[in-house]
Amino acid sequence: MSTGLTVGLALAALALLATALVAAVLTVRLVRARKILRDAGIPLTHKAAYWGALLYVISPVDLLPDPVYLDDIGVLLLALRTLQAAASRGSGEPD
């Protein structure tokens with residue numbers, strides 16, 4: 001095996017590991033954000049965004065194949081941003 005190929009494979013493995021780590025961290029943050037849903041009176045639409053993102057991450061069906069976690073990271077970031085905006089507003093219709 002050539003040195004260039006070995007370096008390329010090592011860099012690809014590091015990139016995959018980094019994206020998997022980011023997806024795992026975002027998933028943990030999303031699960032911890034569940035407490036916000038209970039305490040802040042978040043509207044049903046924002047709760048649906050939370051649960052939809054969580055289901056998408058654990059679902060075997062993805063927009064991009066699983067070694068590429070960019071779609072999962074994007075969905076998690078969108079759900080976290082939605083929850084954060086709803087919690088910072090502090091207003092919402094009770095369900």
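**Reading a four-helix model, step by step**

Author: Let's start with one residue: Val25 is partly exposed, with a relative accessible area of 44%. Please keep in mind that we are looking at a predicted model.

Reader: How should I read that percentage, and where does Val25 lie?

Author: The idea is to compare the value with two cut-offs: under 20% counts as buried, over 50% as exposed, and what falls in between as partly exposed. Val25 has 44%, so it belongs to the partly exposed class. As for its place, Val25 is part of helix α1.

Reader: Which class does Arg29 fall into, then?

Author: Arg29 also lies in helix α1. Its relative accessibility is 52%, so Arg29 counts as exposed.

Reader: And Ile73, is that residue buried or exposed?

Author: Ile73 has a relative accessible area of 11%, which means that it is buried. You will find Ile73 in helix α4. For the chain as a whole, 23% of the 95 residues count as buried.

Reader: Let me step back. How many helices and strands does the chain have?

Author: The count is 4 helices and 0 strands. Read from the N terminus, the order of elements is α-α-α-α.

Reader: How do I describe the way two helices pack?

Author: Two numbers do the work: the angle between the axes of the packed helices and the distance between those axes. Take α1 and α4: their axes come within 9 Å and cross at roughly 30°. Because angles under 35 degrees count as roughly parallel, α1 is roughly parallel to α4. The crossing of this pair is left-handed.

Reader: What are the angle and the distance for α3 and α4?

Author: The angle between α3 and α4 is about 160°, and their axes are 9 Å apart. These two helices are therefore roughly antiparallel to each other. Their crossing is left-handed. On the α3 side, the residues making the contact include His46, Tyr50 and Tyr56, and on the α4 side they include Asp71, Leu76 and Arg89.

Reader: And how do α1 and α3 cross?

Author: The axes of α1 and α3 come within 11 Å, at an angle of roughly 145°. This crossing is left-handed. Here Thr27, Leu30 and Val31 of α1 meet Tyr50, Ala53, Leu54 and Val57 of α3.

Reader: Which residues of α1 meet α4?

Author: On α1 they are Thr19, Val22, Ala23, Leu26, Thr27, Arg29 and Leu30. Their partners on α4 are Ile73, Leu76, Leu77, Ala79, Leu80 and Leu83. Notice that Arg29, the residue we called exposed, is one of those in this contact.

Reader: Which of these contacts belong to Ile73?

Author: If we set aside the neighbours within four places in sequence, Ile73 is in contact with Thr19, Val22, Ala23 and Leu26.

Reader: How far apart are Ile73 and Val22, in sequence and in space?

Author: It helps to put the two kinds of distance side by side. Ile73 and Val22 are 51 residues apart in sequence, while their C-alpha atoms are 7.3 Å apart in space. You can try this reading on Arg29 and Leu80: 51 residues in sequence, 8.0 Å from C-alpha to C-alpha. For Val25 and Leu76 the values are 51 residues and 9.9 Å, again between C-alpha atoms.

Reader: What share of the contacts in the whole chain joins residues 24 or more positions apart?

Author: Among contacts with a separation of 6 or more, that share is 64%.

Reader: Which residues make up the largest nonpolar core?

Author: This core has 12 residues in all, among them Ala23, Leu30, Tyr50, Leu54, Ile73 and Leu83. At least two of its residues come from each of α1 (3-32), α3 (44-58) and α4 (70-89). The helix that gives the most is α4, with 5 residues.

Reader: And how much surface does the chain expose?

Author: About 6,400 Å² is exposed, and carbon and sulfur atoms supply 71% of that area.

Definitions and conventions:
Residues are numbered from 1 along each chain as its sequence is written. This is a predicted model: local features need pLDDT of at least 70, side-chain atom pairs count only at pLDDT 80 or more; totals for chains, interfaces and linings use all residues. Side-chain values use heavy atoms; hydrogens and water are left out. A nonpolar core is a set of buried Ala, Val, Leu, Ile, Met, Phe, Trp, Tyr and Cys residues joined through side-chain atoms within 4.5 Å. Buried means under 20% relative accessible area, exposed over 50%, partly exposed in between (1.4 Å probe, protein chains only). Contact means heavy atoms within 4.5 Å. Accessible areas come from the Shrake-Rupley method with a 1.4 Å probe; for residues, only the protein chains shown count as cover. Axes are lines fitted to C-alpha atoms, for helices over the stretch in contact, and angles run from 0 to 180 degrees between N-to-C directions. Angles under 35 degrees count as roughly parallel, over 145 as roughly antiparallel, 65 to 115 as roughly perpendicular and the rest as oblique. A crossing is left-handed if the near helix is turned anticlockwise from the far one by less than a right angle, and right-handed if clockwise.
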